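Reader: Hi! I'm in my first year and still learning how to read a protein structure. Could you take a close look at one part with me and then show how it sits in the rest of the chain?

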Amino acid sequence: MLFDRLVITFIFALVLLPGEVRAEQPIFDEMPRWKNGWGFQVLQEYRRENELLDGGNTVGSGLEEEIFVAHLQGVYTWEKWIRATAKIPYVISARRESLGDAGQTVAEESDGFGDATLATPLKYYFNHDGRSGSWSFVPQALVPLGAAGSYEVYSHLWGGGLSLGYETETYDFHVGGGLGAWFFQAEKPAEVHADLSLGLNLRGLGSAGHLKWKTHVLVRSDETVTVSAGPTLYYRITDTVHSQIKWMHDFYDQPGVLDHGKGDSIRVGIGFVF
């Protein structure tokens, strides 16, 4: 018990570290937790950034980047503690405004497949009196699917990642967090990321869900630092059908290179487990 309390204290401290956890796995990090269980989820993501930043300075206020992405994600559970997941994004449309050589506004557009993420989440579950939880160890690989162009939402580079996570919950509350890193081929900067989530379990309308406040911190080797946070609402419609809506806002954004920032994103999804 004392050890678990120390772990929770450590996770609270993670919010001070650089990073943005990318280890969230289907189905909404919830299931399936049974042998030979499988499922898939479809997510619609919209992101808008309305400032062009050079470090901590705004060089183009009102220059926007808007991105619509559809995500198809699947999971298979061999045993309760070992799973395989795949996540494939498709950019429906993306439009970025930047400054030309003469100071004029230049617009670029993009669409197509992004980079697929393959992972093997390994879980260790525990149960105490009135409280349960799990540890996670997640090796991941980034696989390029599309051809890189002049303006691409995704890098189309190979990459490898590793994340560690911990979560615990009671009848009413839960807390979780994680720490991880990504490394890429070529000159794409490496990333270190961390997250913290605090949640309240909800019950009603014949089912249950939860409301979480999530905080993400990201640091790249090019000196990019981003702190994002926002609520996540999850609801189990039936034992088979699950839903989630998530909103995040960049409360602090300092890119290491000329880039858009200080944005908002919203993600709505529905998942199915069998």
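Author: Happy to; what follows starts at one residue, Ile27, and then moves outward to the rest of the chain.

Please keep in mind that this is a predicted model. Ile27 sits in the loop between helix α1 (2-14) and strand β1. The peptide bond leading into this residue from Pro26 is cis, with omega near -10°. That deserves a second glance because most peptide bonds are trans.

Now, which residues does Ile27 touch once its neighbours within four places in sequence are set aside? Its contacts are Gly39, Phe40, Gln41, Val75, His242, Gly271, Phe272 and Val273. Ile27 also belongs to the largest nonpolar core, a set of seven residues in which it is joined by Phe28, Met31, Leu43, Val75, Tyr234 and Val273. So that you can follow the word "core" here, its members are buried, which means under 20% relative accessible area. Val75 and Val273 turn up among the contacts of Ile27 and again in the core. Another core lies apart from this one and has five residues, including Ile67, Val69, Val91 and Tyr151.

Two of those names lead us to strand β1. Glu45 lies in this strand, which covers residues 38-54. Leaving out residues up to four places away in sequence, Glu45 touches Ile67, Phe68, Val69, His71, Ile266 and Arg267. Its C-alpha atom is 6.6 Å from that of Val268, although 223 residues separate the two along the chain. Is Glu45 buried or partly exposed? With a relative accessible area of 22%, Glu45 is partly exposed. Compare Glu97, which belongs to strand β3 (residues 82-99). Glu97 has a relative accessible area of 16% and is buried. Beyond its sequence neighbours within four places, Glu97 is in contact with Gly62, Leu63, Glu64, Thr105, Val106, Ala107 and His260.

Further along, two loop residues have an unusual backbone angle to look for. Ala186, in the loop between β9 (173-184) and β10 (191-204), has a positive phi of about 60° without being a glycine. Glu223, in the loop between β11 (207-220) and β12, has a positive phi as well, near 80°. They are worth noticing because most residues other than glycine have a negative phi. Ala186 is exposed, with a relative accessible area of 63%, and Glu223 is exposed too, at 62%.

Strand β12 (residues 225-236) is where you will find Val225. This valine is partly exposed, at 25% relative accessible area. Among its contacts are Leu218, Tyr252 and Gln254. Gln254 is 29 residues from Val225 in sequence, yet their C-alpha atoms are 5.2 Å apart.

Finally, step back to the whole chain. Its secondary structure comes to one helix and 14 strands. The radius of gyration is 19 Å, close to the 19 Å that the globule rule gives for 274 residues, so the chain is as compact as a globular protein of that length. Its C-alpha trace spans about 65 × 40 × 35 Å along the principal axes. Buried residues make up 45% of the chain. Among contacts between residues at least 6 apart in sequence, 59% join residues at least 24 apart; the pair Glu45 and Val268, 223 residues apart along the chain, shows how far apart in sequence two spatial neighbours can be, at 6.6 Å between C-alpha atoms.

Methods:
Residues numbered from 1 in each chain as written. Predicted model: local features only at pLDDT ≥ 70, side-chain atom pairs only at ≥ 80, totals over all residues. Heavy atoms only, no water. Helix = DSSP H or I, 4+ residues; strand = E, 2+ residues; numbered from the N terminus. Rg over C-alpha atoms; globule rule 2.2 N^0.38 Å. Buried < 20%, exposed > 50% of the residue type's maximum accessible area, 1.4 Å probe, protein only. Contact = heavy atoms within 4.5 Å. Core = buried A, V, L, I, M, F, W, Y, C linked by side-chain atoms within 4.5 Å.
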